[in-house]
Amino acid sequence: MPIPPAKHCRIRKNSYNSRVVQNEDTRYTHAMNYVVQKSETAEIPGFDDLDLSPVMRRALKHAGFEKPSPIQAQLIPLALEGEDVIGQARTGTGKTAAFAIPILEQLDPLEECRDPQAIIIVPTRELADQVGRETQMLARGVPTEVAVLAGGKDIKRQLRQLENGVQIVVGTPGRLHDHLQRRSLRTDKVWCVVLDEADRMLDIGFRPQIERILRKCSKDRQTLLLSATLPPTVRRLAETYMQEPVVIDCCDKDIAVDTIEQRYFTVSHDKKLELLERLLERENPKQAIIFCRTKRGTDRLYRQLSRTYPACGSMHGDLAQRERDRVLQQLRDDKLQILVATDVVGRGIDISTISHIINYDMPQDCDDYVHRVGRTGRMGRDGIAFTFVVPGEGDSLTSIEQRINKQLKRDHFEGLDPPAAVQLAPKAEETVKKAAPKLNPMHRKVTRRRR
Ligand code: AMP
């Protein structure tokens with residue numbers, strides 16, 4: 001592969017030990033679009049091999065991070081060299097620390113610069129809080145001002161915080177854009193922009209706000225883009241706003257991570273609640289998220305369950321932000337055993353103690369399934385996910401299995417299976433037949449779900 005000339009790069013001193021992270025003679029062995037593939041066999045280096053400052057190593061030790069995750073091992077050195085990087089990684093892989101560590105390592109102290117130096121753009125308010133918290137945790141040992149600028153939160157407080165000086169801003173596109181328009185968010189000193197969960201932000205329709213924020217920042221900035229998938233929309237954004245990005249692929253080939261056991265139940269509509277109660281009794285989960293499709297359905301199920309389970313909460317888009325924050329905090333503090341929720345919780349949220357995911361209602365598409373199930377099994381821990389399939393939903397189950405290239409195991413309780421005749425609606429059976437050849441024959445017996 002030809003070696004392109006060294007591009008102009010930022011030489012930055014970090015605030016703690018004045019380490020210069022790159023000299024101008026550095027030449028790159030990775031060209032534009034060169035994909036650094038995940039290597040199954042490569043030895044993952046330790047944090048000690050990543051050339052981090054002593055204070056950062058202490059912060060990592062304090063956080064209990066012993067070894068970098070694959071995305072961290074690959075992204076941190078590149079980011080420290082000033083590269084633009086596209087990291088293909090799902091949540092739960094340690095991607096927040098992968099971009100937060102190099103930013104923290106290169107921050108100028110607040111006394112030297114009171115305007116934001118890095119902007120981290122994330123799709124949801126909950127994720128903004130989470131990324132803000134993790135960044136602050138990793139900043140341990142060095143006074144660092146991190147502002148979370150998310151919608152639904154008191155803007156006056158945010159204005160005061162910006163006025164007082166911040167080094168890192170984490171925010172949702174809408175609120176960040178709002179601050180830009182008010183001129184309360186200054187971008188002249190921003191040297192790094194992170195687009196976290198870029199695919200999700202574009203799905204939601206945040207492209208115009210993201211583009212405006214990027215255009216406001218210096219062209220010479222560093223851009224780090226994290227995304228679970230790289231559809232054409234994300235690639236176009238990268239082509240327009242990134243400079244010779246290096247692409248790191250840290251997504252497992254199988255979308256659903258290996259540590260998550262995935263099962264399904266067939267059940268008729270009127271028996272779903274009974275099935276759920278028996279399942280909860282059998283599993284006695286440490287912490288479970290039960291996903292429903294609608295806000296009303298979520299409220300109803302929450303009311304029904306909270307009679308038996310006092311440590312039960314609910315969350316959906318109609319709840320005030322304050323209430324959503326409170327519920328998530330309770331979940332983090334281990335005060336909730338069960339959370340009934342819509343897909344508002346399906347993305348980004350990281351609570352490592354979630355042991356069970358129950359899809360009480362079938363997710364609307366395969367992406368939602370992957371994101372819901374990804375709330376458990378974080379950072380390689382064990383997790384289990386159950387999906388309730390009512391008659392007529394066999395085709396959705398098949399699509400999920402095709403997408404994750406994995407067969408879900410069937411589970412059942414005596415007396416709760418729907419009558420054989422209605423297990424799969426005719427349409428669903430057809431889909432199963434048609435879909436079968438696409439699947440790995442070693443993985444699948446099409447007859448399995450028929451009686
Ligand atoms: P994320 O993918 O950024 O949402 O991270 C998932 C979880 O893993 C978070 O709770 C992190 O604090 C945690 N984490 C990140 N990196 C490491 C690491 N190297 N070792 C252990 N835990 C980590």
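Which residues point one way from β14, and which the other way? Keep that question in mind as you open the structure, which is a predicted model.

**Stop 1: the whole sheet.** Begin by colouring the strands. Seven of them form an open sheet with parallel pairing, and the order across it is β11-β12-β10-β13-β14-β9-β15. Now find the edges: β11, at residues 312–315, and β15, at residues 409–410, each pair on one side only.

**Stop 2: strand β14.** Select residues 383–389, which make up β14. Here is the reply to the opening question: Gly383, Ala385, Thr387 and Val389 point one way, while Ile384, Phe386 and Phe388 point the other way. In a regular strand, side chains alternate between the two faces of the sheet. Both sets in β14 are buried. Because seven of the seven residues of β14 are buried, this strand is largely enclosed by the rest of the structure.

**Stop 3: the neighbours of β14.** Keep β14 on screen and add β9, residues 260–266. β9 and β14 run parallel and are joined by seven bridges. To see one of the pairs, show Thr266 together with Val389 of β14, its bridge partner. Next add β13, residues 356–359. β13 pairs with β14 in the parallel sense over four bridges, and Ile358 has Phe386 of β14 as its bridge partner.

**Stop 4: out to the edge.** Return to β9 and look at its pairing with β15, which is parallel and has two bridges. Show Arg263 and Lys409, since these make a good landmark: Lys409 in β15 is the bridge partner of Arg263.

**Stop 5: helix α13 across the sheet.** Select residues 366–373 to bring up α13. This helix lies across four strands, β9, β10, β13 and β14, and runs at about 155° to β13.

**Stop 6: where two helices meet.** Add α14, residues 394–404. Two packed helices are described by the angle between their axes and the distance between the axes. For α13 and α14, the axes come within 9 Å and cross at roughly 70°, so the two helices are roughly perpendicular to each other. Their crossing is right-handed. To view the contact itself, show Cys366, Tyr369 and Val370 from α13, then Ser399, Ile400, Arg403 and Ile404 from α14. What kinds of residues make up this contact of α13 with α14? Five are nonpolar, one is polar and one is charged.

Methods. Residues numbered from 1 in each chain as written. Predicted model: local features only at pLDDT ≥ 70, side-chain atom pairs only at ≥ 80, totals over all residues. Pairing = 2+ DSSP bridges. Contact = placed C-beta atoms within 7 Å. Axes fitted to C-alpha atoms, helices over the stretch in contact; angles between N-to-C directions. Buried ≥ 20, exposed ≤ 12 C-beta atoms within 10 Å, placed from the backbone. Parallel < 35°, antiparallel > 145°, perpendicular 65-115°, else oblique. Left-handed = near helix turned anticlockwise from the far one by under 90°. Nonpolar A, V, L, I, M, F, W, Y, C, P; charged D, E, K, R; others polar.
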